[in-house]
Amino acid sequence: VSKFRITGGEPLTRRGIPEFFQMLQSVEGIRDLGVSTNGTLLGKEQSDGRTMAAILAASGVQSLNLSLDTLRRDAYSTVTGRDFLPSVLSGIESAKKAGFTNIKLNCVLMRDRNEEDILPLIAFAGERGLLLRFIELMPVSTTDVLSEERFFPIAEAKRRIESVHGSLIPEPDFRTNGPANYFRLSTTGQRIGFIGAMTDFHFCESCNKLRLTCDGKLRPCLGSHLEFDLREPLRAGASDEELRAIFLNVVARKPKEHDFRTTYEPNRRMVAIGG
């Protein structure tokens with residue numbers, strides 16, 4: 001393991017989060033430390049007068065993944081249940097001011113919710129030098145999240161983009177830490193990504209992720225119920241070699257494909273798995 005990404009729920013609400021990042025940064029061999037956040041707390045001033053974004057940068061965090069499904073305040077409130085869009089936009093500016101150059105925006109595509117935001121989000125990201133990815137809706141928290149009426153495939157999003165920007169230029173050799181496929185706009189050269197877990201049948205082929213839940217379970221796949229306990233062996237005094245064997249066993253159990261397209265029934269909500 002050479003990369004950590006701390007997720008949630010919202011990880012920046014955790015007490016002592018800067019110290020936690022500093023502990024992770026001190027682990028030998030770790031060369032990449034990132035955070036997935038909704039962005040609402042990045043611009044908040046802390047007791048020392050610095051923003052949370054500045055504190056994260058000083059604590060060794062190198063990359064930020066921010067959820068941003070819409071630029072319309074009313075639509076944001078509808079999707080998230082909270083009127084926090086101004087805080088998110090302020091958080092993005094605070095992150096840029098703190099020196100973050102690796103900021104990714106993640107937009108989950110939802111029919112009748114945010115199709116009209118696709119092109120404005122591209123413009124927003126392009127103006128600020130941010131990497132935007134469009135993600136297909138997955139039934140991670142509850143099965144009824146995904147329905148024919150709500151699902152918006154990436155192929156349709158591409159067509160909408162190409163109607164304005166012309167043919168997208170594939171970039172098969174460009175990779176980040178996740179499973180996104182990247183393209184450039186013919187008009188501006190801006191890079192955007194697509195994560196199509198539901199319609200891309202090769203989606204799982206390059207996955208090398210493991211998820212560690214807050215209660216000590218190691219999961220080899222987001223779209224599978226498989227999970228293996230680390231907490232009890234740790235509390236029982238397992239040696240490094242015993243823990244290594246557990247990790248290798250979990251990696252060996254990574255399924256060839258996720259179960260989202262079949263009979264997947266979430267046994268945890270996304271906030272309890274790690275985004």
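How much of the chain do buried residues make up? In this predicted model, they come to 41% of the 275 residues.

**View 1. The whole chain, before we zoom in.** Count along the chain and you get eight helices and eleven strands. Take the contacts with a separation of 6 or more: 67% of them are between residues 24 or more positions apart. The close-ups below go through the sheets and some of the helices.

**View 2. Eight strands make an open sheet with mixed pairing.** Reading across, the strand order is 1-2-3-4-5-8-7-6. Strand 1 (3-6) and strand 6 (169-170) are the edge strands, and each of them pairs on one side only. Strand 1 runs parallel to strand 2 (residues 32-37), and four bridges join the two. Looking for a handy landmark in that pair? Phe 4 has Leu 33 of strand 2 as its bridge partner.

**View 3. Helix 6 (residues 154-165) sits against the sheet.** The strands that helix 6 touches are strand 4 (102-109), strand 5 (131-136), strand 7 (181-184) and strand 8 (191-195). Compare directions and helix 6 makes about 155° with strand 8.

**View 4. Helix 1 (residues 17-25) and its buried residues.** Four names to find here: Ile 17, Pro 18, Phe 21 and Leu 24 are buried. Down the axis of helix 1 these buried residues fall within an arc of 120°, so they line one face of the helix. Strand 1, strand 2 and helix 2 (52-58) are among the elements that cover them.

**View 5. Helix 5 (residues 118-128) from its buried side.** The buried residues of helix 5 are Ile 118, Leu 121, Ile 122, Phe 124 and Ala 125. Because they fall within an arc of 165° when seen down the helix axis, they line one face of helix 5. What do the buried residues of helix 5 pack against? Their neighbours are helix 4 (85-97), strand 4, strand 5, helix 6 and strand 8.

**View 6. Two glycines, one in helix 5 and one after it.** Gly 126 lies in helix 5. With 36% relative accessibility, Gly 126 counts as partly exposed, since the buried class stops at under 20% and the exposed class begins at over 50%. Its C-alpha atom is 6.4 Å from that of Gln 190, although the two residues are 64 residues apart along the chain. Gly 129 follows helix 5 and has a positive phi, near 70°.

**View 7. Helix 5 crosses helix 6.** The two helices pack at an angle of about 65°, and their axes are 10 Å apart. Helix 5 and helix 6 are therefore roughly perpendicular to each other, and the crossing is right-handed. On the helix 5 side, Ile 118, Leu 119 and Ile 122 make the contact. Helix 6 contributes Ala 157, Arg 160, Ile 161, Val 164 and His 165. Two of these names may ring a bell from View 5: Ile 118 and Ile 122 are also listed among the buried residues of helix 5.

**View 8. A three-stranded open sheet, in the order 9-10-11.** Pairing in this sheet is antiparallel. Strand 9 (211-212) and strand 11 (228-229) each have a single partner strand, so one side of each is left without a neighbour in the sheet. Between strand 9 and strand 10 (residues 217-219) there are two bridges, in the antiparallel sense. Leu 212 has Leu 218 of strand 10 as its bridge partner.

Technical notes: Residues numbered from 1 in each chain as written. Predicted model: local features only at pLDDT ≥ 70, side-chain atom pairs only at ≥ 80, totals over all residues. Heavy atoms only, no water. Pairing = 2+ DSSP bridges. Contact = heavy atoms within 4.5 Å. Axes fitted to C-alpha atoms, helices over the stretch in contact; angles between N-to-C directions. Buried < 20%, exposed > 50% of the residue type's maximum accessible area, 1.4 Å probe, protein only. Arc of directions from axis to C-beta. Parallel < 35°, antiparallel > 145°, perpendicular 65-115°, else oblique. Left-handed = near helix turned anticlockwise from the far one by under 90°.
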